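Please open the structure in your viewer and keep the selection panel at hand, as the stops below are taken one after another.

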Amino acid sequence: MGEVIVVTSGKGGVGKTTTTANVGTGLAKLDKKVVLIDTDIGLRNLDVVMGLENRIVYNLVDVIEGNCRIKQALIKDKRYNNLYLLPSAQTRDKTAVTPDEMKQLCDQLRDDFDFVIMDCPAGIEQGFRNAIAGADRALVVTTPEVSAVRDADRIVGLLEANEMKKTQLIVNRLRVDMVARGDMMSSQDVVDILAIDLIGIVPDDENIVISTNNGEPLVGNDSLAGQAYMNICRRLAGEEVPFLDLNAKKGFFGRLFGKKK
Amino acid sequence: MSFLDIFKKKTVSSSNIAKGRLQLALASDRAGCSPEIMEKIKNDIISVISKYIEIDVAGLDIKIQQTEGENGEGLVPVLYANIPVKEIRRG
């Protein structure tokens, strides 16, 4: 039986969709059978980040409303044949789906997949409630900025109130140079404030923009972000992986060190 | 940054300012206590204490903070009030 994971943040623009695309692709690289669900009804984006925007026939709302079977709506990834996308509907809104319907869908999909990963819309309204309804685990994405961290704290509180079994933190777009001169909160600062387990630190990396331009997630390549995302995937798959040493001097970034956290 | 800045002792870093501000904001968020309510609590405290003691209203500071709990439960919120006294009224 597969695990259902929701990628959420509260604030928009912190990297939920990028994280969903990379974590999903990375798990597929690790030979897991993965389905990604874009739950952002009306503002669909995961398809373009994955480079699959031209292949959409049916969408999430079609599945929920019974206009098609689940299998008809799933789009097979370009590069990995064990990776699928269930795209969102672009011409509907969040009220087209209920939390109960999402939960049923997740429970159906977990029979066929190792991981069901949902990209949650920004905000704390119905779209958020739909996305978290069927999830076993939540990955809360934040950047080290006051606005994003504050929203993340709100999300952590709501996940707790909804009895989410496991909630873990991804600190995204960390600028190591700014942290070093005291002008950006460190991942440890963010962990101290939010008081939840850290599962990944992703450095700010222009390769992300390039990979998104190309519609090909960079997870697993040599870039810092590619390594950081791959480490998250291995942790999700149950491996113990040390955090990248992002504080090493410039030029030594890729170095791994054996300390946990 | 100019050359002379190297010799200036750096004051609090902006990341520490961010962390401090966030911790305060989140403490009141988590306690479900808005700035408006804090203002009302502050005014009520002033009116109650002023019956007995002359206090420095301008210097009064009240906020919700995080502090280490006594029973090892980690950080817990506390209502912190700093109320400077001017003079205790006699009989």
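The tour goes from the sheet to the helices beside it.

This is a predicted model, in which local features need pLDDT of at least 70 and side-chain atom pairs count only at pLDDT 80 or more, while totals for chains, interfaces and linings use all residues. Residues are numbered from 1 along each chain as its sequence is written, chains are lettered from A and ligands numbered from 1 in the order in which they are written, and side-chain values use heavy atoms, with hydrogens and water left out.

Begin with the strands of chain A (helices, H or I, of at least four residues and strands, E, of at least two are DSSP runs numbered from the N terminus): eight of them form an open, mixed sheet in the order 3-4-2-5-1-6-7-8, where two strands pair if DSSP finds at least two bridges between them. Strand 3 (75-76) and strand 8 (197-203) of chain A each have a single partner strand, so one side of each is left without a neighbour in the sheet.

Next select residues 137-142 and 166-174 of chain A, strands 6 and 7, which run parallel and are joined by six bridges; A:Val140 has A:Leu169 as its bridge partner in strand 7 of chain A.

Now add helix 7 of chain A, which packs on the sheet and touches strand 1 (3-8), strand 6 and strand 7 of chain A, contact meaning heavy atoms within 4.5 Å.

Finally, show residues 187-194 of chain A, helix 9, which packs against helix 7 (residues 146-161) of chain A with the axes 10 Å apart. Their contact is made by A:Val149, A:Ala152 and A:Asp153 of helix 7 of chain A and by A:Val190, A:Ile193 and A:Leu194 of helix 9 of chain A.

Definitions and conventions: Axes fitted to C-alpha atoms, helices over the stretch in contact; angles between N-to-C directions.
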